[in-house]
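User: I am new to this structure and would like a close look at one part, the surroundings of the ligand. Please add what can be said about how the helices pack.

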Amino acid sequence: MEFKEVVGRRRSIRFFEPDRPVEREKIQKMLEAARLQSCAVNAQWARAVVSFRDDLKPDQLKRLLTPVAALNVEMAPVHIHWFNDLSIVNKIQGSRLRELVDVGALAPTHGWSHKFVDEFVYPQILKPMTEGPAYPVYSTFDVGMAVANALLAGVDEGLAVCMVTLNGEVLKEVFKTPAEWIPMPTILVGYPAENWDGGGQRPRPPFEELYFEGEYGKPFPRDPKVVEQLKAAKMIQEPARPHSPERIAEIKRLADKYGLPM
Ligand SMILES: Cc1cc2nc3c(=O)[nH]c(=O)nc-3n(C[C@H](O)[C@H](O)[C@H](O)COP(=O)(O)O)c2cc1C
């Protein structure tokens, strides 16, 4: 699929075919995409535990359910739980930056050398950063970047994906993760039981409210010609409409099929 169409087709699918397994290779492709994402100082904070729902004990699955993510967790055959490994920066102590120097990604033209990493960047920037209160926030940004790549790779493989936020303490216990790993949101993966388009692209605030040029308050102008190009490339698709009779009928069909309340 073309990149723009992948971006346009991604949406949170909350009705999965519960008994249709996902090929392991597709899960691997999602993880491979996550690993290739850009990451500050190439540290790689993102960690994931892949959990095949049917390998969980019934009480483990029950503990994962939350008020805003219960049915979709039960329906999705695969869950990819993400974590932020806060220990990584002090474990690697600049070694991944030295690797970047060695392969010429960080070049001497820009002031990079092993000495610069060992005597300045690690001790004076990175180590103090890990001791500051904003460290979990910075590193969470990197995990989000990796997760976004995994989501798009899943869509490209024809899968249905949905992010959910589960109970972090439960995730740590059930998956026995190291103490330094902070639980992050989870990707639910499966094949859609609903139409892949989920009723259309979900509502967003207007472009001009979100993005600015030069300074805050001056919207970055949205060129309608570009919008048309992106529609042709299937990145901008039909929006989901409130109270659409087709969407209501589809939810009813799914409710009947799976014995769900409506
Ligand atoms: C970090 C994150 C956490 C989310 N947690 C949940 C959740 O717990 N339950 C849920 O139903 N959707 C969750 N979502 C999905 C959002 O609600 C969804 O992205 C939003 O409805 C916009 O729709 P779209 O993803 O279909 O474009 C989460 C999304 C993100 C990025």
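Analyst: The ligand comes first, then two helix pairs and one helix end.

This is a predicted model, in which local features need pLDDT of at least 70 and side-chain atom pairs count only at pLDDT 80 or more, while totals for chains, interfaces and linings use all residues. Residues are numbered from 1 along each chain as its sequence is written, and side-chain values use heavy atoms, with hydrogens and water left out.

The residues around the ligand (those with a heavy atom within 4 Å of it) include Arg10, Arg11, Ser12 and Arg14. Val68, Asn72, Met163, Val164, Thr165, Pro185, Arg202 and Arg204 also belong to this shell. By class, the shell has four nonpolar, three polar and five charged residues. Here Ala, Val, Leu, Ile, Met, Phe, Trp, Tyr, Cys and Pro count as nonpolar, Asp, Glu, Lys and Arg as charged, and the others, Gly among them, as polar.

Several polar contacts (pairs of N or O atoms within 3.5 Å; within protein, one must be able to donate a hydrogen and the other to accept it, and residues adjacent in sequence count only if both atoms are side-chain atoms) can be listed. Serine 12 places a polar side-chain atom 2.6 Å from an oxygen atom of the ligand. Valine 68 has a polar backbone atom 3.1 Å from a ligand nitrogen atom, and threonine 165 has a polar backbone atom 2.9 Å from a ligand oxygen atom. The ligand taken alone exposes 620 Å², of which the protein buries 65% (accessible areas by the Shrake-Rupley method with a 1.4 Å probe; for residues, only the protein chains shown count as cover).

Next, the helices (DSSP runs of H or I, at least four residues, numbered from the N terminus). Helix α2 (residues 24-35) and helix α8 (residues 135-156) cross at roughly 145°, and their axes come within 7 Å. Axes are lines fitted to C-alpha atoms over the stretch in contact, and angles run from 0 to 180 degrees between N-to-C directions. In contact (heavy atoms within 4.5 Å), Lys29, Met30, Ala33 and Ala34 of α2 meet Ala146, Asn149, Ala150, Ala153 and Gly154 of α8. By class, this contact has six nonpolar, two polar and one charged residues.

Helix α6 (residues 95-102) and helix α7 (residues 114-131) pack at about 145°, with axes 10 Å apart. Leu97, Arg98, Val101 and Asp102 in α6 meet residues of α7 including His114, Val117 and Leu126.

Finally, aspartate 223 caps the N-terminal end of helix α11 (residues 224-232), with a side-chain oxygen 2.8 Å from the backbone nitrogen of lysine 225. Lysine 234, which follows α11, has a positive phi near 65°.

Definitions and conventions: Helices (H or I, at least four residues) and strands (E, at least two) are DSSP runs, numbered from the N terminus.
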